[in-house]
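Got the viewer open? Here is a tour of what to select next and what is there.

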Amino acid sequence: MKTEEYERKFITTVVHTPSRRDMLKAAGAVAAAALPIGDALAQTAVPFSSGTERPKTEVPPLACDSHIHIFSTRFPASPHWKGQPVVDSDVAAYRLFQQRIGTSRTVVVTPSTYGIDNRATLDGMAQLGTSARAVVVVDRDITEAELKDMAARGAVGIRVNFVTPQSWGVTTAERLDAMARKVHPLGWHVQVYMTGDQIADHAEVLARLPTPLVIDHLARLLPGQGRDHRAVPVVRKLLDGGRTWMKLSGAYLNTTSGPPAYADATQVATLFAQAAPERMVWGSDWPHRGERHMPDDAGLFDLLAEWAPSEAARRRILVDNPAALYGFDKS
């Protein structure tokens, strides 16, 4: 579906899921429906995102959103998945997000919903074109030919998830190590989704991985512990080693204080951003699966101005670092 068609559909149609109904009500979409399409887009919410304003923080050209998921009902959920069903949050919807926030590059990450089925991710990346890269999920029996095929299409890493259900069952340190060795010849990185406690418990295996390491969502430190969590020195040591990257994303996953400031998550993000600004990347985590109340993505983006106060640091996080990690052109 073309973006213009999606705008009309979204503005004039009530979507029958609770989270979207709440979002539409908050955004005043009914009033916006009478406006010309360009004006309406500026005043109505993007799918799976609350709020209507653009970020107050300047967004540099070639800014990268380094963590999103694409879902399409053309691709069913993995048989192992018992959670939220697949709802279309596709490239047409994400284009509206980009228009609102101002980013232009994207990293599409295969979610747990799809198990090791990367079709929605690869299809979304193909639609987004050369401005997109993919991080996929694979099992032990993936062949070298299959990996090379995904690499040729723009995949640059694998995600190994310790937090949510996986099609293979429990994720172990041995599996993490084996998968890192499997993709190392491709020059890929390994992205881990782990809680702070899991990071602390797996410090040794994380430190010896042969690939670059990317840590999801501010290391998922327990809200209330923040900088005092036992994983913080582990993460700091990994960052100091020069081969570990951090995704400045998911503030709403790591908070008890909540929006708009997310003060507890902000303390952690600021610590990491100051420790290794040359290996931080920012991600929206759109479409915020599992959240009953959609976060304001402009507000989430504006947090970066607190985490990295200088314009030069933000440009590094949004443009230069993603170019280095994901292989985008520098201009």
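Which loop does proline 287 lie in? Select the stretch between β8 (280-282) and α13 (297-302), and proline 287 is there. One thing to keep in mind as you click: this is a predicted model.

**The β8–α13 loop**

Stay on proline 287 and show the backbone. A cis peptide bond joins tryptophan 286 and proline 287, with omega at about 10°. Now step on to histidine 288, which lies in the loop between β8 and α13. Histidine 288 is not a glycine, yet has a positive phi of about 60°. Both are worth a look, because most residues other than glycine have a negative phi, and most peptide bonds are trans. Histidine 288 is also buried, with a relative accessible area of 0%.

**Serine 89 and its neighbours**

Next, select serine 89, in the loop between β1 (64-68) and α5. Is serine 89 buried or exposed? Its relative accessible area is 2%, so serine 89 counts as buried, the cut-off being under 20%. Leaving out residues up to four places away in sequence, serine 89 touches Phe48, His69, Ile70, Phe71, Trp286 and Pro287. So you meet both partners of that cis bond again here, because Trp286 and Pro287 are joined by it and serine 89 touches Trp286 and Pro287.

Follow the contact to Phe48, in the loop between α4 (37-43) and β1. Phenylalanine 48 is another non-glycine residue with a positive phi, this one about 65°. Phenylalanine 48 is buried as well, with a relative accessible area of 8%.

**Helix α5**

Go back to serine 89 and carry on along the chain into α5, residues 91-101. How many of the 11 residues of α5 are buried? The count is 9, which leaves the helix mostly covered. To colour them, pick Val91, Ala92, Ala93, Tyr94, Leu96, Phe97, Gln98, Arg100 and Ile101. Just after α5 comes glycine 102, with a positive phi of about 105°.

**Strand β7 and its partner**

Now select residues 244-248, strand β7. Why call β7 largely enclosed by the rest of the structure? Because 5 of its 5 residues are buried. Turn the strand and check both faces: Thr244, Met246 and Leu248 are buried on one side, and Trp245 and Lys247 are buried on the other. In a regular strand the side chains alternate between the two faces of the sheet.

Add strand β6, residues 213-215, which pairs with β7 in the parallel sense over 3 bridges. Across the pair, isoleucine 215 stands opposite methionine 246.

Leaving β7 towards α12 (263-275), stop in the loop between them at proline 260. Here is another cis peptide bond, joining proline 259 and proline 260, with omega at about 0°.

**The largest pocket**

Switch to a surface view and find the largest pocket, with a volume of about 400 Å³. Which residues lie nearest its centre? Select Trp81, Thr164, Tyr193, Arg289 and Gly290, five of the 21 that line the pocket. By class, the lining has 6 nonpolar, 10 polar and 5 charged residues.

**Last stop: colour by confidence**

Finally, colour by pLDDT. The mean for the protein is 89, and 87% of its residues reach 70 or more. Over residues 1-42, though, the pLDDT is below 50, and this stretch has 65 contacts in the model beyond near neighbours in sequence. Where pLDDT is low, the predicted coordinates should not be read in detail.

Notes:
Residues are numbered from 1 along each chain as its sequence is written. This is a predicted model: local features need pLDDT of at least 70, side-chain atom pairs count only at pLDDT 80 or more; totals for chains, interfaces and linings use all residues. Side-chain values use heavy atoms; hydrogens and water are left out. pLDDT is the predictor's confidence in each residue, from 0 to 100. Contact means heavy atoms within 4.5 Å. On a 1 Å grid over the protein atoms alone, a cavity is a set of points where a 1.4 Å probe fits but cannot get out, and a pocket is an open set with protein on both sides within 12 Å along at least five of seven lines; lining residues have an atom within 4 Å of a point. Grid points are joined across faces, edges and corners, and a volume is the space filled by probe spheres set on the points. Ala, Val, Leu, Ile, Met, Phe, Trp, Tyr, Cys and Pro count as nonpolar, Asp, Glu, Lys and Arg as charged, and the others, Gly among them, as polar. Buried means under 20% relative accessible area, exposed over 50%, partly exposed in between (1.4 Å probe, protein chains only). Helices (H or I, at least four residues) and strands (E, at least two) are DSSP runs, numbered from the N terminus. Two strands pair if DSSP finds at least two bridges between them.
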